[in-house]
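User: Please take a close look at one part of this model, the strands and how they pair, and then follow the contacts outward from there. Plain description will do.

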Amino acid sequence: MKADSSPRHALRGKPRRRRLVDYPRRGRTGVRRWIPSWKLLCGVTGLALLGFAGAVAAGLALVSIPQPNDFATRQETSFRYADGSTQIAHVGVNRDSVPIEAIPLVVQHSVLAAEDRGFYTESGVSPTGILRAVKDNLTAGGGNPQGGSTITQQYVKNYYLTQQQTIGRKIREALIAVKTDQTESKDTILQNYLNTIYFGRNSYGIETASRAYFGVPVAALADDPAKAAYLAALIQSPYYFSTADADPEAAQRLVQRWNYVLDGMVQQHWLAAADRARLTFPRPVPYRSNDLAGPNGYAVNAAMRDLDRLHEQNPDVPDSTAVSRGGYTVVTTFRPEYMRAAEQAVARSMATLDPAGNPGDRDVHVGLAAVDSATGAVLGFYGGPDFVTQPFNDAMQAAGPLGARVGGPLLRAAIGAAKAAAVRDDTRTTLTAVLAEHGLRTIGSSGEPISGETVAATPTAAAALFAGALFSGSYSYHRPYTVAAVLQDGQVLWQADESAVRASAGAVRGPAGPTLAGMDGAEQWAWTLTGRGRVAVAANMYATVPGGQRNRRLDGVTAAIATTGTADVPVPGPNAQERIERIARDFLVGLAGTPAADPRASGERLPAVTPSATAPEPRTATGPGR
């Protein structure tokens with residue numbers, strides 16, 4: 001048989017050269033040529049995994065944990081009442097970081113149930129969590145969409161990086177998360193995470209969130225899983241869920257999320273099913289968007305002014321600029337019961353005015369201050385109806401003439417007979433300086449002699465001077481002050497003398513003191529100085545023309561109403577003067593919490609005292625107010 005000499009048969013005897021990658025596949029035709037073999041698939045996958053592992057290893061070797069970003073570590077400055085724990089308001093970023101030991105376990109478990117149930121067993125990144133999140137988001141139907149980021153990743157994003165949504169940032173986030181998990185303990189990561197995240201209501205961190213939503217520090221939630229789960233539920237969508245009190249849809253979604261958190265706690269054996277069944281959805285306290293609204297702003301502003309004065313004397317005390325940047329705790333001398341009693345006493349009186357129907361009742365202002373006569377600590381005050389709408393503090397900035405009946409006794413008692421004689425010798429500068437030291441300033445023309453009609457004071461200054469000159473029984477003036485201590489990171493930077501911080505609610509107990517009451521000669525300022533126990537009180541009333549450009553006479557103010565038993569009876573006499581006397585008396589009655597006899601119910605006037613002109617020479621205290 002003759003051999004086939006065609007090219008096809010001629011190549012049959014030669015071996016084919018092997019290719020490293022058989023693709024497109026030889027020996028296959030049509031579409032099958034382009035379908036890779038399982039060997040090729042395994043090889044490519046293996047190489048890809050090796051490359052990915054190498055890239056991750058190189059990335060971990062090259063990446064370094066950065067410094068925390070400025071915003072993540074910035075804290076609020078908290079202004080607190082004299083008890084040191086009850087917050088008045090804050091300035092700066094609303095964050096008050098706390099150690100993990102101060103965060104109850106039920107709160108920690110709630111957050112883990114909401115955000116990352118495998119936190120303590122996983123590395124910084126959870127591939128299964130990402131896949132599960134994709135599945136849940138496809139099947140959730142809008143109920144509880146899940147995120148694939150672990151708590152460590154969220155912590156890294158908020159604490160070290162930015163909110164920029166780019167592939168590069170996400171890759172860096174994952175690498176830093178893995179490295180952070182290798183270098184920091186789980187408790188440290190959880191602590192920093194809980195102190196960093198946003199909860200709505202302008203609250204950063206779990207401590208401020210607990211105060212914003214429930215009015216208590218987070219430590220108070222140790223036995224309250226319902227409220228703990230509420231805070232944890234907010235993390236998923238804080239801006240949206242913080243509107244739940246006004247948006248029914250947001251409220252419904254928040255309830256769903258709350259149930260999801262509690263169910264997760266049961267699944268993880270952090271909460272008994274029987275206890276979970278008894279829980280009801282909690283209702284947060286009303287939200288006040290401006291922390292300085294109402295009396296709070298007056299308290300913060302007064303403390304800020306005192307800090308600036310203290311800083312001038314001692315540079316180690318932070319001034320208002322430093323405090324505004326955040327990170328401090330300022331403990332004031334104010335006490336909530338004093339502030340509340342002052343606000344209520346003024347509100348009761350002002351509610352009986354009729355500015356719409358009576359022009360004399362328009363633009364009426366009241367200032368009131370209560371000072372501890374033993375220390376000079378300002379225990380409480382009324383500066384105005386709302387700091388946001390009227391930032392001018394009527395208790396600490398509105399200085400008005402005291403008048404003969406009030407200013408005369410104070411002037412004689414504080415300055416003494418010798419200083420009064422200096423006026424006759426034309427040593428006005430020396431006397432003016434002495435007056436300034438006691439919170440008094442001169443008014444009127446330069447040639448006018450200094451008298452009760454020509455000295456002016458704020459209610460705070462008048463109360464302190466009254467306490468030192470007349471009220472305490474022996475002259476001992478203490479300059480009024482409003483800051484008891486300044487702390488940073490729990491460490492005391494400055495504090496008033498221990499003896500000066502002893503003011504307490506019991507200070508108001510004791511016999512009633514003398515009373516000074518009267519108006520200035522122009523009848524534009526009505527004054528009352530009184531007190532009980534160790535508490536000296538000064539209150540005044542003045543009115544302005546529309547626009548507040550100047551003061552006007554107080555005539556035409558609606559008569560005050562005195563309550564006697566069950567009957568309300570009008571009080572005769574100068575209406576403005578009677579009204580301010582009533583406010584001062586109501587303040588003390590409300591503070592003591594017991595009814596007091598009202599001499600005006602029988603038409604009797606409050607007694608006034610006129611101290612001797614031979615009062616002792618004033619001496620300057622060396623206490624904390626100086």
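Analyst: The account below starts with one sheet, goes on to its surroundings, and ends with the other strands and the cores.

The model is predicted, so local features are used only at pLDDT of at least 70 and side-chain atom pairs only at pLDDT 80 or more, while totals for chains, interfaces and linings use all residues. Residues are numbered from 1 along each chain as its sequence is written, and side-chain values use heavy atoms, with hydrogens and water left out.

Helices (H or I, at least four residues) and strands (E, at least two) are DSSP runs, numbered from the N terminus. Two strands count as paired if DSSP finds at least two bridges between them. Strands of a sheet pair through backbone hydrogen bonds, either parallel or antiparallel.

The sheet in question is open and has five strands in the order β2-β1-β3-β9-β10, with mixed pairing. Its edge strands are β2 and β10 (491–495), each of which pairs on one side only. On average, and ignoring direction, neighbouring strands of this sheet are turned by 20° against each other. Within the sheet, β3 (residues 328–332) and β9 (residues 483–488) pair in the antiparallel sense over five bridges. Val330 stands opposite Val486 in β9.

Helix α14 (residues 296–313) packs on this sheet and touches β1 (76–80), β2, β3, β9 and β10. The direction of α14 makes about 65° with that of β2. Such angles run from 0 to 180 degrees between N-to-C directions, and axes are lines fitted to C-alpha atoms, for helices over the stretch in contact.

Strand β2 (residues 87–92) holds His90. His90 is buried, with a relative accessible area of 11%; buried means under 20% relative accessible area, exposed over 50%, and partly exposed in between (1.4 Å probe, protein chains only). Leaving aside neighbours within four places in sequence, His90 is in contact with Glu76, Thr77, Asn202, Asp291 and Leu292, where contact means heavy atoms within 4.5 Å.

One of these partners, Asn202, leads to the loop between α8 and α9, where Asn202 is found. Arg201 is in the loop between α8 (186–194) and α9 (206–214) as well. Most residues other than glycine have a negative phi. Arg201 has a positive phi near 55°, and Asn202 has a positive phi of about 55°. Arg201 is buried at 7% relative accessible area, whereas Asn202 is partly exposed at 35%.

Helix α8 also meets another helix: the axes of α4 (residues 105–115) and α8 come within 12 Å and cross at roughly 85°. That makes α4 roughly perpendicular to α8, given that angles under 35 degrees count as roughly parallel, over 145 as roughly antiparallel, 65 to 115 as roughly perpendicular and the rest as oblique. Gln108, Val111, Leu112 and Glu115 in α4 meet Leu190, Tyr193 and Leu194 in α8. The residues of this contact divide into five nonpolar, one polar and one charged. Here Ala, Val, Leu, Ile, Met, Phe, Trp, Tyr, Cys and Pro count as nonpolar, Asp, Glu, Lys and Arg as charged, and the others, Gly among them, as polar.

There is also an open sheet of three strands, in the order β6-β8-β7 with antiparallel pairing. Its edge strands are β6 (400–401) and β7 (441–442). β7 and β8 (residues 455–457) pair over two bridges, and the bridge partner of Arg441 in β8 is Ala456.

Strand β11 (residues 516–519) is covered on both faces: Leu516 and Gly518 on one side and Ala517 and Met519 on the other are all buried. In a regular strand the side chains alternate between the two faces of the sheet. β11 pairs with β12 (residues 525–532) in the antiparallel sense over four bridges, and Ala517 stands opposite Thr528 in β12. The two strands form a hairpin with five residues between them, and Glu523 in the turn has a positive phi of about 55°.

Last come the nonpolar cores, each a set of buried Ala, Val, Leu, Ile, Met, Phe, Trp, Tyr and Cys residues joined through side-chain atoms within 4.5 Å. The largest has 89 residues, and those touching the most other members include Leu402 and Leu529. Leaving aside neighbours within four places in sequence, the contacts of Leu402 include Val455, Ala456, Ala457 and Trp527. A second, separate core of 45 residues includes Phe119, Tyr155, Ala229 and Tyr230.
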